[in-house]
Amino acid sequence: MGRVGVLLLNLGGPEQLGDVRPFLFNLFSDPEIIRLPFPWLQRPLAWLISTLRARKSQENYRQIGGGSPLRRITEKQAQALEQTLQQRGQDARVYIGMRYWHPFTEEAIAHIQRDQVEKLVILPLYPQFSISTSGSSFRLLEKIWQADTSLHQIEYTVVPSWYQRSGYLRAMADLIARQLDQCPHPQQAHIFFSAHGVPVSYVEEFGDPYQQEIEDCVRLIMQTLQRPNDHTLAYQSRVGPVEWLQPYTEDAIQDLGAAGVEDIVVVPISFVSEHIETLQEIDMEYREIAEAAGIHHFQRVPALDTHPIFIEDLTSLVIEALNSPQKRFSDVVHPPQKTFKLYPQERWTWGMTTTAEVWNGRLAMLGFLALLLELITGHGPLHAVGLL
Ligand SMILES: C=CC1=C(C)c2cc3[nH]c(cc4nc(cc5[nH]c(cc1n2)c(C)c5CCC(=O)O)C(CCC(=O)O)=C4C)c(C)c3C=C
Ligand SMILES: [Fe+2]
Ligand SMILES: [Fe+2]
């Protein structure tokens, strides 16, 4: 086997407060995050939203020490994976490609080229697939591949999602069991799975398999855990005025409090590292909501980070991927209930007639003007829902 590389894909996060605005600009410039009928609107709108959201977002990052721990943790995961691969006899270099902040995916690819990698496993650090996370990174990679034909020499394979692997499930069950055992009444604590949300339209219109994979993941974790506790699944981190997957975490916590539940153990399941949404949103915002709702005992399961069972499982995953048939970006097909391919976007069904697209355009223009007006006056629906 020639030189082997593993490319870990992740979202990236601002390392200091000054990074927050440009990080948000990169994020909102991504058409997989904000879907607009006119590509030319994307960057002006991204500029506007990132400028207006920066202060609120900075305040959240300030509360967790002034920046995201994501890069540091992902580097530790990469190091641990490289070491375990070595111990298992697989010589490989592990690279990190972030979607919206350093080290960017483009930098990782340049590094991979310099190292003359011949075989590459592309592994997103998201257990479940969403068009807004792994899908966005795959799309970017495909563009990079199209623009540089020298990359075609690399034999790459893509891992779309991996939440059903037994090592991942065992590591999650281990972390949950440890938290349950610290509760005053371990059997009565309510296990509260909090997944990152996405807009409902991603699932219903664009066939994102994310919700299905999350539900399946929760079922498999509970099966692995083998505890009698009640559990709930809800969705957190909603941004903007459109409808996201429900129930929303804040509502579900309040409902549990109203139903008399006193102990909850919150399990973040969309992500394998600590980040702003575990450290700030769950540990601070949701804890406060829970206390106000009468939930006296609130515990949070830590993220996997470099949990040894998890790293062992990632190692096995890489070795299996190297010995399996190649999976290309264009092979990333999605759920059987949808007959179209999710990726690449050119093949997605947008479900729009020409007339609908014309109206979409008009509405987008109106929306953009309304946004400008809101920016000038400081009043409007986006302020009301907390986006600006
Ligand atoms: C506006 C739409 C967004 C969608 C859809 C979305 C999906 C999504 N995101 C993650 C994981 C992370 N998101 C992070 C930051 C972040 N995400 C959004 C918006 C959407 N995410 C914003 C605006 C931000 C910036 C922070 C903020 O202002 O709230 C991060 C980085 C965290 C860090 O520590 O820096 C992660 C990780 C998932 C898993 C997901 C869909 C499944
Ligand atoms: Fe988020
Ligand atoms: Fe996000």
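In the predicted model, Pro103 occupies the loop that connects strand E2 (93-98) to helix H4 (105-114). The peptide bond leading from His102 into Pro103 is cis, with an omega value near -10°. A second cis peptide bond runs from Gln246 to Pro247, with omega near 0°. Pro247 is placed in the loop between strand E6 (231-236) and H9.

Two further loop residues stand out by their backbone conformation. Gln116, in the loop between H4 and strand E3 (119-124), has phi near 50°, a positive value in a residue other than glycine. Its relative accessibility of 55% places Gln116 in the exposed class, since the threshold for that class is over 50%. Gln226 is located in the loop between helix H8 (210-225) and E6. Phi of Gln226 is likewise positive, near 50°, in a residue that is not glycine. With a relative accessibility of 66%, Gln226 counts as exposed.

Helix H4 therefore has Pro103 in the loop that precedes it and Gln116 in the loop that leads on to E3. Strand E6 is flanked in a comparable manner, by the loop from H8 that holds Gln226 and by the loop to H9 that holds Pro247.Helix H9 spans residues 249-258 and includes Thr249. Thr249 is buried, with a relative accessible area of 1%. The side chain of Thr249 is joined to that of Ser194 by a polar contact of 3.0 Å. When neighbours within four places in sequence are set aside, the contacts of Thr249 are Phe192, Ser194, Ala234, Tyr235, Gln236 and Tyr286.

The chain as a whole contains 13 helices and eight strands. Of its 388 residues, 56% count as buried. Among contacts with a separation of 6 or more, 80% are between residues 24 or more positions apart. The exposed area of the chain is about 17,600 Å², of which carbon and sulfur atoms supply 52%.

The metal site was examined next. The iron ion (ligand 2) has as its protein donors His196, through NE2, and Glu277, through OE, at 1.8 to 2.4 Å. A separation of 2.9 Å is found between the iron ion (ligand 2) and the iron ion (ligand 3). His196 belongs to strand E5 (residues 190-196) and Glu277 to helix H10 (residues 276-292), so the pair ties together parts that are 81 residues apart in sequence. The two donors fall into separate accessibility classes: His196 is partly exposed, at 27% relative accessibility, whereas Glu277 is buried, with a relative accessible area of 19%. The value for Glu277 qualifies as buried because the cut-off for that class is under 20%.

His196 also takes part in the surroundings of ligand 1. An N or O atom in the side chain of His196 lies 3.1 Å from a nitrogen atom of ligand 1. The protein covers 96% of the 810 Å² of accessible area that ligand 1 has on its own. Oxygen atoms of ligand 1 are approached by further side chains. For Ser57, an N or O atom of the side chain is 2.7 Å from an oxygen atom of ligand 1. For Tyr61, a polar side-chain atom is found 2.6 Å from an oxygen atom of ligand 1.

The shell around ligand 1 comprises 27 residues, of which Arg53, Ser57, Tyr61, Ser68 and Ile276 come nearest. By residue class, the shell consists of 16 nonpolar, nine polar and two charged residues. Helix H1 (20-28), helix H2 (39-63) and H10 each contribute at least two residues to this shell. The largest share, four residues, is supplied by H1.

Within H1, the buried residues are Val20, Phe23, Leu24, Phe25, Leu27 and Phe28. The cover over the buried residues of H1 includes H2. H1 and H2 are thus linked in two respects, as contributors to the shell around ligand 1 and through the cover that H2 provides for buried residues of H1. H10, which likewise supplies at least two residues of the shell, is also the helix that holds the iron donor Glu277.

Note on methods:
Residues are numbered from 1 along each chain as its sequence is written. Chains are lettered from A and ligands numbered from 1 in the order in which they are written. This is a predicted model: local features need pLDDT of at least 70, side-chain atom pairs count only at pLDDT 80 or more; totals for chains, interfaces and linings use all residues. Side-chain values use heavy atoms; hydrogens and water are left out. Buried means under 20% relative accessible area, exposed over 50%, partly exposed in between (1.4 Å probe, protein chains only). Contact means heavy atoms within 4.5 Å. Accessible areas come from the Shrake-Rupley method with a 1.4 Å probe; for residues, only the protein chains shown count as cover. Donors are N, O and S atoms within 2.8 Å of the metal (3.2 Å for Na, K and Ca); water is not among the atoms, so sites may look incomplete. A residue is near a molecule or strand if one of its heavy atoms lies within 4 Å of it. A polar contact is a pair of N or O atoms within 3.5 Å; within protein, one must be able to donate a hydrogen and the other to accept it, and residues adjacent in sequence count only if both atoms are side-chain atoms. Ala, Val, Leu, Ile, Met, Phe, Trp, Tyr, Cys and Pro count as nonpolar, Asp, Glu, Lys and Arg as charged, and the others, Gly among them, as polar.
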